[in-house]
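Student: I'm new to this one and would like to learn how to read it. Could we go through it together, feature by feature?

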Amino acid sequence: MAHYKAADSKREQFRRYLEKSGVLDTLTKVLVALYEEPEKPTSALDFLKHHLGAATQENPEIELLRLELAEMKEKYEATVEENKKLKAKLAQYEPPQEEKGAE
C-alpha cells in the first residue's frame with residue numbers, strides 16, 4: 001500500500017509541475033485545435049509538432065526568409081499583372097488569329 005501512495009504522490013507532483021509550467025494548457029490547446037480541424041491531417045504527429053513549434057521562439061533567420069518570401073510574392077503578382085496588361089496591349093496591334101491563316 002505504501003508503494004501505491006508513493007507512486008501516486010509522484011504522479012500528482014509531476015501533474016502539478018506540468019500544470020504550473022503551462023505544459024498541460026498548451027497541449028490541451030493543440031489537441032483541441034486538432035480535434036476541431038475540419039479535415040484531419042494525414043499525420044497527427046506532424047500537426048502537433050508544427051503547432052507546438054509555433055509556441056517556441058523562432059530563429060531570426062526564419063523571419064527574414066518569411067519577409068523575403070512575402071516580398072517575392074508581391075513582385076511575382078506585380079509581374080503577372082504587368083504581363084497581362086502587356087498581352088492586352090499587344091493584342092490591340094496584332095491581327096486576330098483567323099486573319100493570319102487567310103493571308
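Student: Let's begin with lysine 75: how exposed is it?

Tutor: The general idea is relative accessible area: buried means under 20%, exposed means over 50%, and partly exposed is in between, using a 1.4 Å probe with protein chains only. Here lysine 75 has a relative accessible area of 46%, so it is partly exposed. Keep in mind that this is a predicted model, where local features need pLDDT of at least 70 and side-chain atom pairs count only at pLDDT 80 or more, while totals for chains, interfaces and linings use all residues. Residues are numbered from 1 along each chain as its sequence is written, and side-chain values use heavy atoms, with hydrogens and water left out.

Student: Which side chain does lysine 75 meet in a salt bridge?

Tutor: Side chains of opposite charge can pair when their charged atoms come close. The rule used is a side-chain nitrogen of Lys or Arg within 4 Å of a carboxyl oxygen of Asp or Glu. In this case the partner is glutamate 71, at 3.7 Å from N to O. Glutamate 71 is partly exposed too, with a relative accessible area of 43%.

Student: Where do glutamate 71 and lysine 75 sit along their helix?

Tutor: A helix here is a DSSP run of H or I with at least four residues, a strand is a run of E with at least two, and both are numbered from the N terminus. Glutamate 71 and lysine 75 are 4 residues apart in helix H4, which means about one helical turn separates them. Elsewhere, salt bridges that share partners join Glu12, Arg15, Arg16 and Glu19 into one network.

Student: How many salt bridges does the rule give?

Tutor: The count comes to 5.

Student: What does glutamate 12 do in that network?

Tutor: Glutamate 12 pairs with arginine 15, where the closest N and O atoms are 2.5 Å apart. Glutamate 12 also forms a salt bridge with arginine 16, this time with 3.7 Å between the closest N and O atoms. Arginine 15 and glutamate 12 are 3 residues apart in helix H1 (residues 2–21), so about one helical turn separates them. Arginine 16 lies in helix H1 as well, 4 residues from glutamate 12, again about one turn.

Student: Are those three residues buried, exposed or in between, and what are the values?

Tutor: Glutamate 12 has 31% relative accessibility, so it counts as partly exposed. Arginine 15 is partly exposed at 35%, and arginine 16 is partly exposed at 45%.

Student: Now the surface. Which residues form the nonpolar patch?

Tutor: Patches take residues with over 30% relative accessible area and no salt bridge; like charges are joined within 9 Å, and nonpolar side chains (Val, Leu, Ile, Met, Phe, Trp, Tyr) within 5 Å. Accessible areas come from the Shrake-Rupley method with a 1.4 Å probe, and for residues only the protein chains shown count as cover. Here the patch is Val23, Leu27, Leu31 and Leu52, with about 290 Å² of accessible area together. Helix H2 (residues 23–36) gives the largest share, 3 residues. Leucine 31 lies in helix H2 and is partly exposed, with 46% relative accessibility.

Student: How do I see which parts of the chain come close in space?

Tutor: Compare separation along the chain with the distance between C-alpha atoms. Alanine 44 and leucine 34 are 10 residues apart along the chain, and their C-alpha atoms are separated by 7.7 Å. Alanine 44 lies in helix H3 (residues 44–53). For alanine 33, found in helix H2, the C-alpha atom is 9.4 Å from that of leucine 48, 15 residues apart along the chain.

Student: What about the protein as a whole: how many helices and strands are there?

Tutor: There are 5 helices and 0 strands. Of the 103 residues, 4% count as buried. The protein exposes about 9,900 Å², and carbon and sulfur atoms supply 58% of that.

Student: Where does UniProt place the "coiled-coil region"?

Tutor: UniProt positions are given in the numbering used here, feature names are shortened, and annotations may be inferred rather than shown by experiment. The unreviewed UniProt entry puts this feature at residues 62–89. In the model that stretch is 100% helix and 0% strand, with its end C-alpha atoms 40 Å apart.

Student: Which helix has the lowest mean pLDDT, and which the highest?

Tutor: pLDDT is the predictor's confidence in each residue, from 0 to 100. Helix H5 (residues 97–102) has the lowest mean, 59, and helix H4 (residues 60–93) the highest, 93. For the protein, the mean is 85, and 83% of its residues reach 70 or more.
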